Protein chains: 2
Amino acid sequence: MKLTVNKDQLNGSIQQVSKAISSRTAIPILSGIKIEANEQGITLTASDTDISIQSTIPPHQGDVELFTLEQEGAVVLPAKFFVDIIRKLPEDSVEIEVKDGFQTMIRSGLSEIQLVGMDAEEYPVLPSLDAKETVLMQSDLLKTMIRQTILAVSTHESTPILTGVLFTIQDEQIKLTATDRHRLATREASIRNEEGTQFKNIVISGKNLNELQKLLPDQDTLIEVIRADNQVLFNLGSVLFFTRVLDGLYPDTSKIIPQAYKTEMVVPAKPFLSAMDRVNLLSREERTNIVKMATLDDGKIEISSSSSELGKITEQLDVPSISGEPLKISFNSRYMLDALKTIDSEWIHLGFTGAMSPIIVKPKDETFLLHLILPYRTTG
Amino acid sequence: MKLTVNKDQLNGSIQQVSKAISSRTAIPILSGIKIEANEQGITLTASDTDISIQSTIPPHQGDVELFTLEQEGAVVLPAKFFVDIIRKLPEDSVEIEVKDGFQTMIRSGLSEIQLVGMDAEEYPVLPSLDAKETVLMQSDLLKTMIRQTILAVSTHESTPILTGVLFTIQDEQIKLTATDRHRLATREASIRNEEGTQFKNIVISGKNLNELQKLLPDQDTLIEVIRADNQVLFNLGSVLFFTRVLDGLYPDTSKIIPQAYKTEMVVPAKPFLSAMDRVNLLSREERTNIVKMATLDDGKIEISSSSSELGKITEQLDVPSISGEPLKISFNSRYMLDALKTIDSEWIHLGFTGAMSPIIVKPKDETFLLHLILPYRTTG
């Protein structure tokens, strides 16, 4: 392999795949980045077996040549040093030449680096894909859906299946669900599904979705979501993101969402979020994050928290619309804050089904996004 | 105490003093911020006994009234929650009222916070100052001088006196010195010293200077440096910064600075820094940070480093001026990088006194700033 490539392009691709590099791996070759070069492009691959990321530099971008190839080939280079050095090279172009025994020379200006490379033949092969199991969706929509549900995944490794987000695809509908047994988040949307692909019990770890989220372009470009054995591939164009699917059966959450409320109200999103933010400052000092909420007689609600050591905070809020029974409830201020931050609407609909029963948090007049929070069982 | 104060002003003062709050202190009252209000201003004080910071909000800023006072007084409020909540209050003004038993009410819009306050009488008194031991200097100059020397302080608690920077003042000269026995940095400057103040063996911990640096205004305002018993006070105008002086005798470093060189060269600052930065990437992987430097025959120098595991990096640099003996030396790339980053000059003067003797790094044609680095004793 011998080529000259634009430094910024190479660096961009390295940054994209670097999230998948294993820093502590039992498989030495996975501590490297695989580089393959031919006339079609330069392809970089990194994998920690849980996720694999592939990024391709095409020969041209518009009229601009991104690399010149003297000799095809492949090599695996140690990621640790390679990732940092490329960014700091003195010139705009970088020459890479693989010699005998995978010794690799990198040259730029008066800098010369000799790297101990590894045999690309020994690098694991990425799963093959069945193009029949493909749906198309907007990149920014998927990004938003992940942001709106990922907060509710469990962080406890004792229930591995709940550390992931459930992807359900049926007809032209996609639904993401996450729950840690104390709260639940669901988000639905329409997609293009020409082949009638079904996703049932496909659960992807929150950690992996967090990495995917960073790679998803913000523009409304179409991306492909493809199922392959126990993997899902997100095809973002020049970047392929493979993730393993979690083992196990995701619990049925459809029955815990209440269909009727005892108390309902519509609150202004920003003042409610900012009051909750202040109350949470004190409630988190007590570790339990307990906050109390009650309806007052004059169309207001009161939110409060107290700490035996520090003091008390009381917030009042004008609520334009309240109906049903008077309310007195306690819940986790952190859960409410997390939910509120995912709602981009001006008004929030809160539904209560009793002091010991689920609280529903939704954008007003919308059903595509729903947060459920279980209240605390407190006295007084 | 009862007053109404501009939120941003109060928050600004809180941020200034908050660096001195003890998070884990044996003296409970030091976990709080002391607030004193009278017609002259609202004064906030925080202290961890090592440093103490005081910030005063004046009654007016130009034509703008910054606070209105209903009743003078003082209280100590728990910093933990207070620091965060003020920033997040809903309105631009904040009402603070101290009631019986130091219970303090904070009100802003529909937010009401009740804080468990403490008796300000129990707060430690700051040291009294002898105005005769005062010098005047530019704020931005002191900031630069700290930045240029602090890198060389020792991080080993086994030699406490070397964890500080030595301040020497004699006539109209101030000098800062720091050394960890492997490297040394000194910076000199002129100041106004009308009272003939002398600073001898005044050593201030690098940690404390780091906090001071953040508070020093960038503009060329004049600040006062005042000695008081075992403390030094930096008077920044609305902010007073007290720091304890380290116990012990600072070693005499004057004799280790060589007066003549065996090899001298002038190198371009940016290319040299950037080559050293790349070489350091590899040398740090070996933990020792060893880098080799040698003069070549054609007016170039070569800088290199190698790692048995990863490979080798070689940098060449055109050097316009070299004189004296050919050179082959090894040193710590981190030390050289740290020194180079403090020099704001276009050209750097490097002076060598032999493979086993000190390296001198200075801005070209200047003597006010000097870095000394001891080389590694390596073979080959």
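**Entry 1: the interface and the symmetry**

I started with the interface: 100% of the interface residues of chain A are also interface residues in chain B, so the copies meet through the same surface. Contact here means heavy atoms within 4.5 Å. Note to self: this is a predicted model, where local features need pLDDT of at least 70, side-chain atom pairs count only at pLDDT 80 or more, and totals for chains, interfaces and linings use all residues. Residues are numbered from 1 along each chain as its sequence is written, chains are lettered from A and ligands numbered from 1 in the order in which they are written, and side-chain values use heavy atoms, with hydrogens and water left out.

Next I looked up how the copies are related. Chain A lands on chain B after a rotation of 180 degrees with 0.0 Å of shift along the axis, at RMSD 0.0 Å. That is the relation of a two-fold axis. In chain A, A:Lys214 has the C-alpha nearest the axis, 16 Å from it. The superposition is by least squares on the C-alpha atoms of residues with pLDDT of at least 70 in both copies.

**Entry 2: domains**

I checked the domain assignment for chain A: domain 1 (2-122), domain 2 (134-254) and domain 3 (257-373). These bounds come from an automatic or database domain assignment. Taken over C-alpha atoms, the centres of domain 1 and domain 3 of chain A are 51 Å apart.

**Entry 3: helix pairs within a chain**

Helices are DSSP runs (H or I, at least four residues), numbered from the N terminus. Axes are lines fitted to C-alpha atoms over the stretch in contact, with angles from 0 to 180 degrees between N-to-C directions.

In chain A, I took H1 (residues 7-18) and H2 (residues 79-88): their axes come within 9 Å and cross at roughly 150 degrees. H1(A) and H2(A) are therefore roughly antiparallel, a label for angles over 145 degrees. The contact uses A:Lys7, A:Leu10, A:Asn11, A:Ile14 and A:Gln15 from H1(A), and A:Phe82, A:Val83, A:Ile86 and A:Arg87 from H2(A).

In chain B, I looked at H3 (residues 139-150) and H4 (residues 206-215), whose axes come within 10 Å and cross at roughly 145 degrees. On the H3(B) side I found B:Leu142, B:Lys143, B:Ile146, B:Arg147 and B:Ile150, meeting B:Gly206, B:Leu209, B:Asn210, B:Leu212 and B:Gln213 of H4(B).

**Entry 4: a pair across the chains**

Last, I looked up H5 (residues 269-283) of chain A against H2 (residues 79-87) of chain B, which pack at about 175 degrees with axes 10 Å apart. H5(A) and H2(B) are therefore roughly antiparallel too. I noted A:Arg278, A:Leu281 and A:Leu282 from H5(A), touching B:Phe81, B:Asp84 and B:Ile85 from H2(B).

Terms used:
Helix = DSSP H or I, 4+ residues; strand = E, 2+ residues; numbered from the N terminus. Parallel < 35°, antiparallel > 145°, perpendicular 65-115°, else oblique.
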